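Reader: Please take me through the structure shown below, with the criterion behind each term.

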Amino acid sequence: MKFYFILLILIIISFAKLYSQEYQGIVIDKDNGLPVPFASIWIVDLNTGVSCNSQGRFLLDFSLPQTMHIKVSAVGYTSAISSISQNDTNQIVLVLSPSHIELQEMEISTTTGILQNYSITNVESKTLEELTTINTTTLGQSLGNISGVYSNSTGNGINKPVIRGMSGMRVSTYLNGLKIENQQWGGDHGIGVDALGIEKVEVIKGASSLLYGSDALGGVIYLHEEEYAESNMFEAGINSQFEVNSMGFTNGFHMKIAKKNIRFNLFGNQTSQADYQVPNGNFVFNSRFKGQGIKAALGMNKKNWVSNIRYTFVSNELGIPGHTHDSVPSKEDLFKPNASRKKTLPLQVNSSHFLSTDNKLYFNKSELKFTLGLVSNNLEEFDEKVTIPGIAMKLNTFSFNGLWSITSWKKHKILIGAQGNIQTNKNNEKAEEILLQDLHSNSTGVFGMIHSKWNQQLETQIGIRADRNEFEIASPSIKDPGLTLNYQSLTYSAGLSYKKNKHAYRINISSGYRPPHPIESLANGVHHSSRRFEIGSLSLQPEFANQLDLSYEFNNEHIGLLLNPYVSVIQHYVYLNYTDSLIDNYPVVNYAQNELTYFFGGEVTLHYHPHFLHNLHIETHYTYLFAEDGQGKAISQIPQPRLMGLLTYDIESKSKLIPSSLALQATLFGNQQRVIENEIYSDQYSLLDLGASWKIVSAKLKGHLKIGARNITNTNYINHLSELKPLGIQNPGRSFYISLNLKINQKTT
Amino acid sequence: MKKIINTTIILTGLSIFSVSCNKSECHECHYDKDGAEVELGEKCDSDLETLEAEGIDVNGENYEVHCHEH
């Protein structure tokens, strides 16, 4: 089998036209035709690039694919993306338009492979730097700054992204093309990766992505790892952050080296946080956590073949707040007068290895991309003993992903792909209990899409996807070890975008499908960190969603406005139903379904850059969601409406003591009165954050120093999506932070 | 260039070492007898594992041992 697989790859490589040429070029100003010095030339396909010299000239003297996308950018100009083919001349002239501000940077979406301006759905793209204008403790908290995205939390350490009111198995998270599989069904199982080596985040909201699986009814989060260094450059850096509230620190390093046709990145970090402090001065017992990670990426290219091998290891030891050794916790058990970072119970130890290889082959009129990956996740939850886990499971997932993009026609681009995974879940015999049985599963999906550009204004896209999922129970501990569950589905997506002058309109209808996860079908045991006895049901039907998503966008030099309403109808929506029963002092919850569930909502984003004050930048967004079942009853854990505003002001000063920028972030959460029985409603509250940043620039050293405070008014609040809300445990009070980030660059030759 | 390669090797080695080294684990242990906690002091590694797995025999009676902060 292995032999045939290697043979297939060799045949594919041999069919690719293997030739390359050297390019010389110049970047010029559109208005006056003069060269633009020191512009950045970025080869999107290789994740590397070069810089122009003082005369605006550049040389691409390394192996390049037959067709490539070049992104060119410079200070004071609007960035541009050009598609270059080897049939073209080897003298490239790139033209940049002067602009004092760039509200929306030109980008090719990683998730769709299409220029974001032309995508038929609104893909939200943010760099990690943008999301941490005010520093955050975890990646999950940073994602909560994106419009339409919230964070479901269990203390400071465990955060799960929530898109349009959905999370867990309804949100797919990808790490550079590799789907993160880490028992994400648990409300207390976090995103599983941290910000180490992450550069950019793309979010597709709702069930509109055929490329990334039909089960992402809530949406897709795509984490894009940092780019390689520029060709023939070496970069090394350190970063450190300290937070007063939880006496927490994060220290990390990175190193990048790039030669002509080979590139290497290495990252490492370590974090340790003590219990966090609430506004009344007490500390939330066991909200402490620590973690560490390493990440490496090796990129190679030879003519029409581009390859990357990536590895990430993340390990976290997370205290679970809101629990005690006693069955009925008291306030004295939940809060302590002092903070500690010593390991205690209950505890969740979650570690994952991510190994993947992605390869891209460039043909005459098409591109073939295939990714192979392995995710090995080990989850242990300790409740009563520090050396004997309550539950312990190892989840191994082998996945493949192939995508063939054909551009043989002038107006049409055809995408054909296949995706799948083989998964095994195995319980550790050392564990006291089994919540989810040992099982094997395999999933396969095939899809086809046509993206058509009819003219400069109108683009359409239509696609269809078929999926098959099979789960087989392998555990000898249950009565029917041979039980097999099979599901099949057909989903679609269709939409159009119309652009005229500064206005863009998009409409998209799509469907999604999610078979019941084995935990929903087969659970029968104590989920220690959630403190409940979960019982699954074999009679659950697959969830099926239909979504209508509309968007209107207006952009000029100073204002960017986005309106994005949507409606989503989900059949057989699965939820947790709390019963009156107790088993071993744990409340019993059943997995149940609603026949129909409706989600209505929208996001509004306004980006304003006043002409009279170029240094001022205002970004604001509003998110609203209303959800109910077929009988008009509320749905649990629906986020509060949120208005978030970020004001930044760049200061031009020669004094090193004066910060280079100031930031003020205000967030208003509206009340959430629509709750289910036994769920607690949430009042409105507002938060204020402040930050200042100093740029560090010298001949070799670059970086920044940041000082700021989150929740500066020490507001006492509990977010509606906090898992600790039923226990009355507040979110953190005022927290000052300081962070330092330094890097050096030098040529390798 | 040699400096850069050496730096790469050292950083790779250090990062692998820092995430893979096994540290000794110790906790204060106790058992409950007649409604009161009887402290056993700090126990580490294999002693800790044995106590948690097997409990402690006192005057012919076996007691479950707990080793964590309250």
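Author: Chain B holds an open sheet of three strands in the order 2-1-5, with antiparallel pairing. This is a predicted model, in which local features need pLDDT of at least 70, side-chain atom pairs count only at pLDDT 80 or more, and totals for chains, interfaces and linings use all residues. Residues are numbered from 1 along each chain as its sequence is written, with chains lettered from A and ligands numbered from 1 in the order in which they are written.

Reader: What makes strand 2 and strand 5 of chain B stand at the edges?

Author: Strand 2 (36-44) and strand 5 (65-66) each have a single partner strand, so one side of each lacks a neighbour in the sheet.

Reader: How do you know that strand 1 and strand 5 of chain B pair?

Author: Two strands pair if DSSP finds at least two bridges between them. Strand 1 (residues 26-33) and strand 5 of chain B are joined by two bridges in the antiparallel sense, so the criterion is met. Across this pairing, His30(B) stands opposite His66(B).

Reader: What does helix 2 of chain B touch, and how is its direction described?

Author: Helix 2 (residues 45-54) of chain B packs on the sheet and touches strand 1, strand 2 and strand 5 of chain B. A contact requires C-beta atoms, placed from the backbone, within 7 Å. The direction of helix 2 makes about 145° with that of strand 2 of chain B; axes are lines fitted to C-alpha atoms, for helices over the stretch in contact, and angles run from 0 to 180 degrees between N-to-C directions.

Reader: What is counted as a helix or a strand in chain B?

Author: Helices (H or I, at least four residues) and strands (E, at least two) are DSSP runs, numbered from the N terminus. Chain B has two helices and five strands, in the pattern α-β-β-α-β-β-β.

Reader: How many bridges join strand 2 and strand 3 of chain A?

Author: Strand 2 (residues 40-43) and strand 3 of chain A pair in the antiparallel sense over four bridges. They form a hairpin with four residues between them, and Asn47(A) in the turn has a positive phi of about 60°. Ile43(A) stands opposite Thr48(A) in strand 3.

Reader: Where do the domains of chain A lie in the sequence, and what comes into contact?

Author: Domain 1 spans 22-98 and domain 2 spans 141-747, with bounds from an automatic or database domain assignment. Twelve residues of domain 1 of chain A are in contact with 16 residues of domain 2 of chain A. Strand 3 (residues 48-51) of chain A gives the largest share of the domain 1 side, four residues.

Key. Two residues are in contact if their C-beta atoms, placed from the backbone, lie within 7 Å.
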